[in-house]
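Good morning, and thank you for coming. I should like to take you through one structure, beginning with its interior and ending with a few backbone details.

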Amino acid sequence: MLRYVVRRLLHLVPVLLGISFLVFLLVHLVPGDPVRVMLADAGSPEQVERMRHQLGLDRPLHVQYVSFVVRAAQGDFGRSIHTRRPVAHEIGFRIPYTVRMAVAATLVAVAMGVVLGAIAAIHHQSPLDYGTMVVALAGVSLPNFWLGLVLILIFSLYLRWLPPAGADSWLHLILPAITLGTSSSAIIARLTRSSMLEVLRQDYVRTARAKGVGPRRLVYRHALKNAMIPVVSIVGMQFASLLGGAVIVETVFGWPGIGRLAVDAIFTRDIPVIQAVVLVAAVIFVFTNLLVDLLYGLLDPRIRYA
Amino acid sequence: MRRWGTFPVLLVVLALLSGLAGTGGAAPARGGTLTMVIGSDPPSLDPHRTPSVNIAHAVMYETLVTVDRRTGEFIPALAESWEISPDGTAITFKLRRGVKFHDGTPFNAAAVKATFDRLVSKETNAPGASWVGTLTRTDVVDDFTVRLVFSKPYAPIFSSLRISFLAILSPAAIAKMGADYGQNPVGTGPFRFKQWVPNDRIVYERNPDYAWGPAHYKNRGAPYVDQLIIRIIPDEATRVIAFERGDIDILPGAPARDARRMMRDGKFPFIQIPTTSGTYLGLNVKRAPVNDVRVRRAIGHAINTDEVARIALEGLAVPMMSPIAPTIWGYWDGVRQFALNHDVERSRALLAEAGYRPGPGGAMTKDGKPLEFTVWTYARMTNVRIAVVLQAQLRAAGIKLNIEQMEPATLLASTQRGEHDAILISYGWPDADILFYFFHSSRLPTTNRVHYVNPQVDKLLEDGQTTVDTAKRLEVYKQLQRVLLAEVPWVPLASELSVNFNQAYVQDIYYDKYGNLLLLDAVRTR
């Protein structure tokens, strides 16, 4: 098991190198440059050249890339071109907010998704099944910005229960978590349903039923746990992508997360920040996937790591 | 004919600006927090590290001079008085005494020199460095006298001096904080910096020592409110809801559609003010078909700016007749006789002169090809709406307009390469000197986005910078406006109005004529 984990972590090195190289190329291929954005209209051509030189942007591309990799390997991501804050600080500050939102949204998604999916499966081909699946379809289809604004209108403006924007307290977390969680929950519900249906058709379920296991115990103890394996992997993927930031929801709810940092950095062509955010997101993705793979073993003791 | 439907309204609003509020004779209420909202974080709270002026700077920093909110004249702020040398190359400022920075260090001539030296230094490379023009050095005459020396006269300097780019910063704080000064800023203003949660809020607290407010305030001491919070909410709709719900006390620059609705509802007090911005259609004079001045004039006559202001901008804009918006110093009202009036007949006649004939479906064609061009613009809602209105108007004159939306950094990079027929963007600055950046040949190809070269215009733009005598300087810009309207590198469109809402319990807040929020007199009555 330990060897497996170490091997998986070693995979990170080529993955990160590859990603950083791709991102570096992409940022330089896209038109637009951070210095012009920073100096705006008033900047003179000499000023532009000077700033380029100060930032090392006048060096050949391969030199810039190598210097980036060498410094990043030592944990030094430099300073943001746009804000001049250390990049590590820009990201470090936002990570707790992003994690909070990702965890809350995932909880909402899992709670709603698994329950709806299980209900639909147990009451297969009944009005309850069709009803939950229609809800799930609506959940996937509703755009986040729309759902977010509607929730704000209802719960912030008319009912006045919850604040529309900000990140001060757990109250601020509820609406964005529901908004984000709804679309994931719909995916999870559909997956749980189909996975449950499959499990319920298995021989051991029939055997359990024949033995006289009650319906409640049958579902919770025997079926649901075994139906969870594909669900856990999709939850892991969803969680990892939420940790990479949820731009639209962060924008609508004024949440200071990684997603907005990334988009602002792209708009201002803030190369050091773009690089670092992408690398952090990649690391998070790899780690979450590893965690999910390890979780399989807990759910299904037959799975071995070699 | 182009009418000035909104202009009288504007004048009334301007006249009302100073008279707003007024709580009567009783002592103003003390204490409480004022919360206002903006759409995005400033990159830094160091004015030398920001590409645009920002309210987050204006509340905590002060400049040498400011502009009177009632008259629009320059009045003393950190400088008590000033004197301009006869040849216009030196300005000597007598500084106010007894002023302290938020870190307790004294404000004096050395601080002014340190600030301006830092602003123009090659090492700082400040985006705002251009706004001091030909400034060559700053001399300390004595502890409270400082002299700005220019290589040649730079007439727009006063317009710049009042902008937070040129605010005076604490040299002690800069020395102490180094690269982190932008997150730990120290000024002399009525509010001092307390905390910044990026992408969420900036918090300021009352500066209890403050006793040097400019004369246009009633308050001669420190602010009445204890705390000022600037919330950052990027989404327009959420911003408005947060205000309507009462989470936000002051909502400057409400989006046009919500502004219209809230003005109708009458639930919240508002102040409507002109802005120093101008939106224009820039035509790349190097590219066919708009390289032909007759075609550019025809486009100008096909456009109805009244409709642009009324339909695309919800009536919260003033049509522009000149490249210089009517609120900007240098605008000349006589320009109306040279304006490109909406006149489709004239437009068609000009196109006929340029060799175009009406073809199938009314499209003007030459050598079998219909007249069409493409405009590039940002994917900003108002810009897109303006572009769509222009498209309809031009179609009525037989000209086809294609619209292409782009992300800002891409747009700016692509216009430098001259790959565009036309652009639709805005500028904002209180002085006509801004046109230097857009039309002077030395600004090719960066901000001279229409690739316009005209030695006569170059000369006028240079004269506009070096002519210190105000009346003579105005003549220069009159001349410039006439030339630009004849050559039509730009079709001026509209200058937006800003509608600023506040909760009824917030009183005595003002905006000066450039839209700056003034908070020293502000009180919260509950």
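Before the interior is described, one term is needed: a nonpolar core is a set of buried Ala, Val, Leu, Ile, Met, Phe, Trp, Tyr and Cys residues joined through C-beta atoms within 7 Å. Please also keep in mind that what you see is a predicted model.

With that term in place, the largest nonpolar core has 223 residues. Which residues have the most contacts inside this core? They are Met101(A), Ile188(A) and Val277(A) on one chain, and Leu281(B), Leu435(B) and Val491(B) on the other. The element that gives the most to this core is helix H5 of chain A, residues 87-122, with 15 residues. As general background, nonpolar side chains in soluble globular proteins tend to be buried together.

Let me take Val277(A) as an example. Setting aside neighbours within four places in sequence, Val277(A) is in contact with Ile91(A), Ile258(A), Leu261(A), Ala262(A) and Ala265(A).

I turn now to chain A as a whole. Chain A has 13 helices and zero strands. Its C-alpha trace spans about 85 × 55 × 30 Å along the principal axes. Of the 306 residues in chain A, 40% are buried. Among contacts in chain A with a separation of 6 or more, 74% are accounted for by residues 24 or more positions apart.

At the start of this chain, Leu2(A) lies in helix H1, residues 2-29 of chain A. Is Leu2(A) buried or exposed? With 7 other C-beta atoms within 10 Å, Leu2(A) is exposed. The C-alpha atom of Leu2(A) is separated by 40 Å from that of Asn144(A), 142 residues apart along the chain.

Chain B has another make-up, with 15 helices and 25 strands. The radius of gyration of chain B is 24 Å, close to the 24 Å that the globule rule gives for 526 residues, so chain B is as compact as a globular protein of that length. Along the principal axes, the C-alpha trace of chain B spans about 75 × 55 × 40 Å. Buried residues account for 51% of the 526 residues in chain B. Of the contacts in chain B between residues at least 6 apart in sequence, 71% join residues at least 24 apart.

Within chain B, I would draw attention to an open sheet of four strands, ordered S4-S5-S7-S6, with antiparallel pairing. Strand S4 (79-84) and strand S6 (135-142) of chain B are at the edges with a single partner strand each, so one side of each has no neighbour in the sheet. From one strand to the next, the twist averages 20 degrees. S6(B) and strand S7 of chain B, residues 145-150, pair in the antiparallel sense over six bridges. Arg137(B) has Val149(B) in S7(B) as its bridge partner. Helix H3 of chain B, residues 109-120, lies across strand S5 (90-95), S6 and S7 of chain B, and runs at about 170 degrees to S6(B).

Another residue to examine in chain B is Val65(B), found in strand S2, residues 65-67. Val65(B) has 24 C-beta neighbours inside 10 Å and therefore counts as buried. Beyond neighbours within four places in sequence, the contacts of Val65(B) include Phe74(B), Ile75(B), Leu161(B) and Phe158(B). The C-alpha atoms of Val65(B) and Phe158(B) are 7.6 Å from each other, although 93 residues separate the two along the chain.

How do the two chains meet? Here, 41 residues of chain A are in contact with 40 residues of chain B. On chain A, helix H2 (34-39), helix H3 (45-55), helix H7 (144-158), helix H11 (247-252) and helix H12 (258-267) each supply at least two residues of the side that touches chain B. By class, that side of chain A has 21 nonpolar, 11 polar and nine charged residues.

I close with the backbone. In general, most residues other than glycine have a negative phi, and most peptide bonds are trans. A cis peptide bond joins Ala288(B) and Pro289(B), with omega about 0 degrees. Pro289(B) is in the loop between strand S13 (277-283) and helix H8 (293-302) of chain B. A cis peptide bond also joins Leu444(B) and Pro445(B), where omega is about -10 degrees.

Asn199(B) has a positive phi, near 60 degrees. The loop that holds Asn199(B) runs between strand S8 (191-197) and strand S9 (201-206) of chain B. Asn199(B) is buried, with 24 other C-beta atoms within 10 Å.

Key
Residues are numbered from 1 along each chain as its sequence is written. Chains are lettered from A and ligands numbered from 1 in the order in which they are written. This is a predicted model: local features need pLDDT of at least 70, side-chain atom pairs count only at pLDDT 80 or more; totals for chains, interfaces and linings use all residues. Two residues are in contact if their C-beta atoms, placed from the backbone, lie within 7 Å. Ala, Val, Leu, Ile, Met, Phe, Trp, Tyr, Cys and Pro count as nonpolar, Asp, Glu, Lys and Arg as charged, and the others, Gly among them, as polar. Two strands pair if DSSP finds at least two bridges between them. Axes are lines fitted to C-alpha atoms, for helices over the stretch in contact, and angles run from 0 to 180 degrees between N-to-C directions. A residue is buried if 20 or more other C-beta atoms lie within 10 Å of its own, exposed if 12 or fewer, and partly exposed in between; C-beta atoms are placed from the backbone. The radius of gyration is taken over C-alpha atoms; the globule rule is 2.2 Å times the number of residues to the power 0.38.
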